[in-house]
Amino acid sequence: MTSRNQQLFERSQRYIPGGVNSPVRAFKSVGGTPVFFRRGEGAHVWDADGKRYIDYVGSWGPLILGHAHPDVVRAVQTAAQDGLTFGAPTQAELELAELLCALVPSMEQVRLVSSGTEATMSAIRLARGYTGRSRIVKFEGCYHGHDDALLVKAGSGALTFGHPSSAGVPEATTSGTVVLDYNDLAGVRCAFDRFGDEIAAVIVEPVAGNMNLVMPTSDFLPTLRELCTLHGSVLILDEVMTGFRVGLTCAQGRYGIRPDITTLGKVIGGGMPMAAFGGRRDIMQCLAPLGPVYQAGTLSGNPVAVAAGLATLKLVQAPGFYDKLAARTLQLVEGLATAAARHGTAFCAQSLGGMFGLYFRSDLPTSYAEIMECDRDAFNRFFHAMLQEGVYFAPSAYEAGFVSSTHGEAEIDGTLAAAERVFSELGQKVTQERGSAQP
Ligand SMILES: *Cc1c(COP(=O)(O)O)cnc(C)c1O
């Protein structure tokens with residue numbers, strides 16, 4: 001019997017390349033048929049066949065309040081009734097801009113856009129316009145959206161498919177992009193020694209979340225800050241994923257780093273298409289209409305998206321919101337690690353705020369190279385077995401996972417009970433394989 005998921009996927013492939021509107025959704029990395037979602041509520045999603053899952057993807061980060069949070073839905077409905085878009089300023093977008101600048105003090109001014117890609121692309125153009133330089137420094141495995149200049153050795157979908165970059169990106173577009181290893185200070189120093197006065201910007205995920213999860217070593221971000229200041233380069237912290245995900249002060253608050261420009265997305269749109277870039281006033285004032293750097297958008301600051309963002313940011317400011325979220329997330333990763341250890345699986349896990357990384361290797365990775373050493377086959381077996389159990393993790397070994405405020409004790413316990421069965425089964429399989437391989 002073919003499932004409704006399968007039927008929908010077959011039909012989709014006729015009209016949509018690969019059947020999906022964003023590559024990682026296709027399950028290519030893990031194999032099998034992607035799950036078509038019909039409905040989401042809180043920590044759960046239901047697929048086209050009516051099966052329920054505990055969701056640890058949360059639309060890849062935005063849904064920090066879970067699916068269809070009543071306050072967010074109400075805000076969206078109210079805003080929609082007053083008009084979907086004006087292409088003119090509104091009071092609500094001003095309120096969101098004020099709130100973002102208040103919560104993220106390095107942002108003296110901010111501009112709203114419709115996707116993280118747009119935010120990073122605009123930030124790069126702005127940094128180049130401001131400095132009059134063209135070189136960009138990025139780090140292998142960091143994903144900053146699919147802008148041409150940044151689609152070099154990028155993470156996320158690009159990693160999953162083993163295409164370090166993309167066809168259709170002219171050499172000339174990326175020749176100004178210097179790609180270094182994440183957490184490699186010697187490499188960074190070397191690049192600044194060589195190109196210092198030509199570097200317009202360093203763009204970095206302050207916590208890398210698109211090659212699975214890699215934490216910055218203690219001196220990585222401070223050194224980037226120091227070298228950018230010394231050489232007059234713009235430091236861009238790409239917080240599209242980490243912003244309001246790792247804490248209310250974002251990664252920059254946690255690590256005490258003041259970037260020149262910050263990019264935000266995902267959580268600040270509360271599930272609607274919205275993102276932002278902002279930073280030092282003198283830099284932001286280079287933007288049109290004040291300055292020579294052009295940047296625009298028909299739907300930028302869209303009232304419905306702004307309403308969803310405001311409603312979301314209101315709730316995450318509740319006292320203890322992030323403490324509770326971080327504790328739940330930690331409980332999940334510690335439980336998973338314990339279950340894996342009990343069954344002899346090489347596995348470890350870590351979390352920061354409401355995001356987490358799962359690794360099929362013995363110790364926590366600190367570099368892209370170490371991420372590549374993870375046992376991808378083991379992940380894929382784990383992924384499918386958990387899916388069967390009704391737990392939806394990201395369908396790729398190179399993605400971070402997300403917990404929402406609606407993941408309660410019951411969801412974590414249910415996940416860990418499922419993981420116990422799955423690790424036990426996987427452990428037995430490995431033991432059998434080893435056993436049968438012996439003479
Ligand atoms: C998701 C992401 C982007 C791209 O955002 P889109 O809204 O998908 O265009 C950029 N940077 C980082 C760090 C991200 O995680």
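**Exercise 1: aromatic rings**

Find how many aromatic pairs this predicted model holds, then describe the one formed by phenylalanine 27 and phenylalanine 383.

*Solution.* Start with the count: there are 20 aromatic pairs in the structure. Next, recall how such a pair is described: you give the distance of the centres and the angle of the planes. For phenylalanine 27 and phenylalanine 383, the centres are 5.3 Å apart and the planes make an angle of 75°. An angle over 60 degrees counts as edge-to-face, so that's the label for phenylalanine 27 with phenylalanine 383. Now place the two partners. Phenylalanine 27 sits in the loop between α1 (4-15) and β1 (37-41), while phenylalanine 383 belongs to helix α14 (residues 376-388). That makes it a link between distant parts of the chain, 356 residues apart. Finally, check the burial: both phenylalanine 27 and phenylalanine 383 are buried.

**Exercise 2: another ring pair**

Work out how phenylalanine 347 and phenylalanine 360 are arranged, and whether each is buried or exposed.

*Solution.* First the geometry: phenylalanine 347 and phenylalanine 360 have 5.0 Å between centres and 70° between planes, an edge-to-face pair. Then the positions: phenylalanine 347 is in the loop between α12 (321-342) and β11 (348-352), and phenylalanine 360 is in the loop between β12 (355-359) and α13 (368-372). Along the chain they're 13 residues apart. Then burial, where the cut-off is under 20% relative accessible area. Phenylalanine 347 has 8%, so it counts as buried. Phenylalanine 360 has 4%, so it's buried too. To finish, step back: ring pairs link these residues into a cluster whose members include Phe27, Phe347, Phe360 and Phe383, along with Tyr56.

**Exercise 3: the cysteines**

Count the disulfides, and explain why cysteine 348 isn't bonded to cysteine 374.

*Solution.* Remember what we're looking for: a disulfide is a covalent bond between the sulfur atoms of two cysteines. Here the count is zero. Take cysteine 190: the nearest cysteine sulfur belongs to cysteine 228 and is 16 Å away. At 46% relative accessibility, cysteine 190 is partly exposed. Now cysteine 348: its closest cysteine sulfur, in cysteine 374, is 7.2 Å away, and the cut-off is 2.5 Å, so that's too far for a bond. Cysteine 348 is also buried, with 10% relative accessibility.

**Exercise 4: the ligand and aspartate 238**

Describe what surrounds the ligand, then follow aspartate 238 to its protein partner, threonine 263.

*Solution.* Begin with the shell: among the surrounding residues are Ser115, Gly116, Thr117, His144, Asp238 and Lys266. Sorted by class, the shell has three nonpolar, six polar and three charged residues. Now go for the contacts. One ligand oxygen is 2.8 Å from a polar backbone atom of glycine 116. A ligand oxygen is also 2.7 Å from an N or O atom in threonine 117's side chain. On the nitrogen side, a ligand nitrogen lies 2.7 Å from a polar side-chain atom of aspartate 238. As for cover, the ligand alone exposes 380 Å², and the protein buries 83% of that. Last step: the side chain of aspartate 238 makes a polar contact with that of threonine 263, at 2.8 Å. Threonine 263 is in strand β9 (residues 261-264), and with a relative accessible area of 0% it's buried.

Terms used
Residues numbered from 1 in each chain as written. Predicted model: local features only at pLDDT ≥ 70, side-chain atom pairs only at ≥ 80, totals over all residues. Heavy atoms only, no water. Near = heavy atom within 4 Å. Polar contact = N/O pair within 3.5 Å; in protein donor to acceptor, adjacent residues only side chain to side chain. Areas by Shrake-Rupley, 256 points an atom, 1.4 Å probe, with all protein chains shown as cover. Nonpolar A, V, L, I, M, F, W, Y, C, P; charged D, E, K, R; others polar. Buried < 20%, exposed > 50% of the residue type's maximum accessible area, 1.4 Å probe, protein only. Phe/Tyr/Trp six-rings, centres within 6.5 Å; stacked < 30°, edge-to-face > 60°. Helix = DSSP H or I, 4+ residues; strand = E, 2+ residues; numbered from the N terminus.
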